[in-house]
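Got your viewer open? Take a look at the model below, then follow along one selection at a time.

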Amino acid sequence: MRLSPVALAYAAPSLVAAIAVQTWFRGDAGLASGDLVPPVAPGTDYRAHWNGFDSGAGAPSYQIVSLPYNEGLRLFSWLGLGEVAFQRLWLTVLLAGTAAAVVFLARGLVRSPLAAAVAGFLPLLTAYRLTLAFDPVPLMALIAAAVLGGLVLRAGSESGPRPLVFGLASLTCAFVALN
């Protein structure tokens, strides 16, 4: 089985990103720092618009945008895998997704798969990434910006726009805006 140059352009930086995330973890310990809390599965209160999740006093809340993360924590806890295992998977998917999203954006600008692959490595090597490695908000913001930018670049050149992909990519903006 031989990978096409385009598939390799996506795979190489994504694989390096996935491996890099594994170096952030030590044993079974989760990651936490400053306002980034350790992975703890929450209750289901956050799903209701009026809840005590944010302040404890009962008020309107928009924490529903955290549903993928919170429900992933709850699922891994329920399965007995633990919240740290989900945090590891979550961050792996986000950093690998960041690399792939930048390759997607670069492929809208250049034809060379090698140039696109090199661009995919750049978000892994920024000073911000190297110092604040595990904050999911900048990762989601970069994924949203790169995918939406790539879709805009392709909108006029392909068979037509991709509204479903655009809509799904836009959902990440809600998480970024809330955080």
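**A tour, starting at a pocket**

Begin with the lining of the second largest pocket: by class, nine of its residues are nonpolar, two are polar and none is charged. Keep in mind as you click around that this is a predicted model.

To light up that lining, select Val-65, Ser-66, Pro-68, Tyr-69, Trp-90, Met-140, Leu-168, Leu-171, Thr-172, Ala-174 and Phe-175. Two elements each give two or more residues to the lining, namely α2 (67-78) and α7 (163-178). Which of the elements supplies the largest share of the lining? That's α7, with five residues. The space inside the second largest pocket comes to about 210 Å³.

**Stop 1: Phe-175**

Stay with the pocket and pick one of its lining residues, Phe-175. You'll find Phe-175 in helix α7. Is Phe-175 buried or exposed? Phe-175 counts as buried, because its relative accessibility is 10% and the cut-off for buried is under 20%.

Now show what Phe-175 touches: leaving out residues up to four places away in sequence, the contacts are Val-65, Ser-66, Val-137 and Met-140. Of these, Val-65, Ser-66 and Met-140 are also on the list of pocket-lining residues. Next, draw a line from the C-alpha of Phe-175 to the C-alpha of Ala-141. The two residues are 34 apart in sequence, and your line should read 8.7 Å.

**Stop 2: the whole chain**

Zoom out and colour by secondary structure. How many helices and strands does the protein chain have? There are seven helices and two strands. Trace them from the N terminus and the order is α-β-β-α-α-α-α-α-α.

The protein chain has 179 residues, and 35% of them count as buried. Look at contacts with a sequence separation of 6 or more, and 64% of them join residues 24 or more positions apart. Keep that in mind for the next stops.

**Stop 3: two residues in α3**

Select helix α3, which covers residues 83-109. Click on Leu-91, which lies in this helix. Leu-91 is buried, with a relative accessible area of just 1%. What is Leu-91 in contact with, aside from its neighbours within four places in sequence? Show Val-21, Trp-24, Phe-25, Leu-31 and Phe-134 to see them. Add Pro-136 too: Leu-91 and Pro-136 are 45 residues apart in sequence, but 7.0 Å apart from C-alpha to C-alpha.

Then move to Gln-87, also found in α3. Gln-87 counts as buried, at 5% relative accessibility. Beyond residues up to four places away in sequence, Gln-87 touches Phe-25, Gly-30, Leu-31 and Pro-39. Notice that Phe-25 and Leu-31 turn up in the contacts of both Leu-91 and Gln-87.

**Stop 4: Val-40, out in a loop**

For a change of scene, select Val-40, in the loop between α1 and β1 (50-51). Val-40 counts as exposed, with a relative accessibility of 56%. Even so, Val-40 touches Leu-73 and Glu-83, not counting residues up to four places away in sequence. Try the C-alpha distance from Val-40 to Glu-83: you should get 6.2 Å, although they are 43 residues apart in sequence.

**Stop 5: helix α4**

Now select helix α4, residues 113-121, and highlight its buried residues: Ala-116, Ala-117, Ala-119 and Gly-120. Turn the view so you look straight down the helix axis. The buried residues fall within an arc of 160 degrees, so they line one face of α4. Where's the cover? It includes α1 (5-22) and α3 (83-109).

Before leaving, go to the N-terminal end of α4, where Ser-112 acts as a cap. A side-chain oxygen of Ser-112 lies 3.3 Å from the backbone nitrogen of Leu-114.

**Last stop: Arg-154**

Finish with Arg-154, which sits in helix α6 (residues 136-155). Buried or exposed, which is Arg-154? Arg-154 is buried, with a relative accessible area of 11%. Show Tyr-10, Phe-104, Arg-107 and Gly-108 to see what Arg-154 touches, with residues up to four places away in sequence left out.

Definitions and conventions
Residues numbered from 1 in each chain as written. Predicted model: local features only at pLDDT ≥ 70, side-chain atom pairs only at ≥ 80, totals over all residues. Heavy atoms only, no water. 1 Å grid on protein atoms, 1.4 Å probe; cavity = no way out; pocket = protein on both sides within 12 Å on 5 of 7 lines; lining within 4 Å. Points joined across faces, edges and corners; volume = space filled by probe spheres on them. Helix = DSSP H or I, 4+ residues; strand = E, 2+ residues; numbered from the N terminus. Nonpolar A, V, L, I, M, F, W, Y, C, P; charged D, E, K, R; others polar. Buried < 20%, exposed > 50% of the residue type's maximum accessible area, 1.4 Å probe, protein only. Contact = heavy atoms within 4.5 Å. Arc of directions from axis to C-beta. Polar contact = N/O pair within 3.5 Å; in protein donor to acceptor, adjacent residues only side chain to side chain.
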